[in-house]
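Got your viewer open? Get ready to click through a few selections.

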Amino acid sequence: MSDQTPQQPDAAHAANPDFDAMTRDIAEVPAVEVITTVAVHLMSSAAVNLGLAEEGAAHKDLDEARKLIQALAGLVTASATEIGSYHAAPLRDGLKSLQLAFREASVVPDEPGQGPGEKYTGPVHG
């Protein structure tokens, strides 16, 4: 073990991040990876807002979940042909699971075809 204390980041460097390096880094990430990462974040947030996480009732907000599922459906539908079925199929499955969970969590379920994202995916049935 070393007796040296860890170096703290230079305050001036932290205040002025290297945007050129960050731009180069994101440019190297394939589009399919960016799209699937965003989709996973939307799925995770929607699941939490549906109350599916630990201590779910404390975080349940169906209005927020509806917005997230709607955005996810638009992203998955619009990008499916670009990212290919290998990547799109699991995203579609996750989306459908969230849509069904939303329907189950709703006190008054939406009519078929009127649920979150269903204008993009069509009616979702269990």
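Here is a short walk from a nonpolar core to a cavity. Keep in mind as you go that this is a predicted model.

**Stop 1: the core.** Select Leu50, Ile69, Leu72, Leu91, Leu95 and Leu98. These are the residues with the most contacts inside the largest nonpolar core, which has 20 residues. Now colour α3 (31-49) and α5, since each of them supplies at least two residues of this core. The biggest giver is α5, with 14 residues. As a general point, nonpolar side chains tend to be buried together in soluble globular proteins.

**Stop 2: Ile69.** Zoom in on Ile69 and look for partners further off in sequence, beyond four places. You'll find contacts with Ala46, Leu50, Leu95, Leu98, Gln99, Phe102, Pro116 and Gly117.

**Stop 3: Gln99.** From that list, pick Gln99, which lies in helix α5. Is Gln99 buried or exposed? It counts as buried, because its relative accessibility is 3%, and buried means under 20%. Next, show the backbone oxygen of Pro116: a polar atom of the Gln99 side chain lies 2.9 Å from it. Leaving out residues up to four places away in sequence, Gln99 also touches Thr121 and Val124, among others.

**Stop 4: the cavity.** Select Gln99, Phe102, Arg103, Ser106, Pro109, Asp110, Gly115, Pro116 and Glu118 together, and you have the lining of the largest cavity. Its volume is about 40 Å³. What mix of classes lines it? Three nonpolar, three polar and three charged residues. Helix α5 (residues 62-105) gives the most to this lining, with three residues.

Definitions and conventions. Residues are numbered from 1 along each chain as its sequence is written. This is a predicted model: local features need pLDDT of at least 70, side-chain atom pairs count only at pLDDT 80 or more; totals for chains, interfaces and linings use all residues. Side-chain values use heavy atoms; hydrogens and water are left out. On a 1 Å grid over the protein atoms alone, a cavity is a set of points where a 1.4 Å probe fits but cannot get out, and a pocket is an open set with protein on both sides within 12 Å along at least five of seven lines; lining residues have an atom within 4 Å of a point. Grid points are joined across faces, edges and corners, and a volume is the space filled by probe spheres set on the points. Helices (H or I, at least four residues) and strands (E, at least two) are DSSP runs, numbered from the N terminus. Ala, Val, Leu, Ile, Met, Phe, Trp, Tyr, Cys and Pro count as nonpolar, Asp, Glu, Lys and Arg as charged, and the others, Gly among them, as polar. A nonpolar core is a set of buried Ala, Val, Leu, Ile, Met, Phe, Trp, Tyr and Cys residues joined through side-chain atoms within 4.5 Å. Buried means under 20% relative accessible area, exposed over 50%, partly exposed in between (1.4 Å probe, protein chains only). Contact means heavy atoms within 4.5 Å. A polar contact is a pair of N or O atoms within 3.5 Å; within protein, one must be able to donate a hydrogen and the other to accept it, and residues adjacent in sequence count only if both atoms are side-chain atoms.
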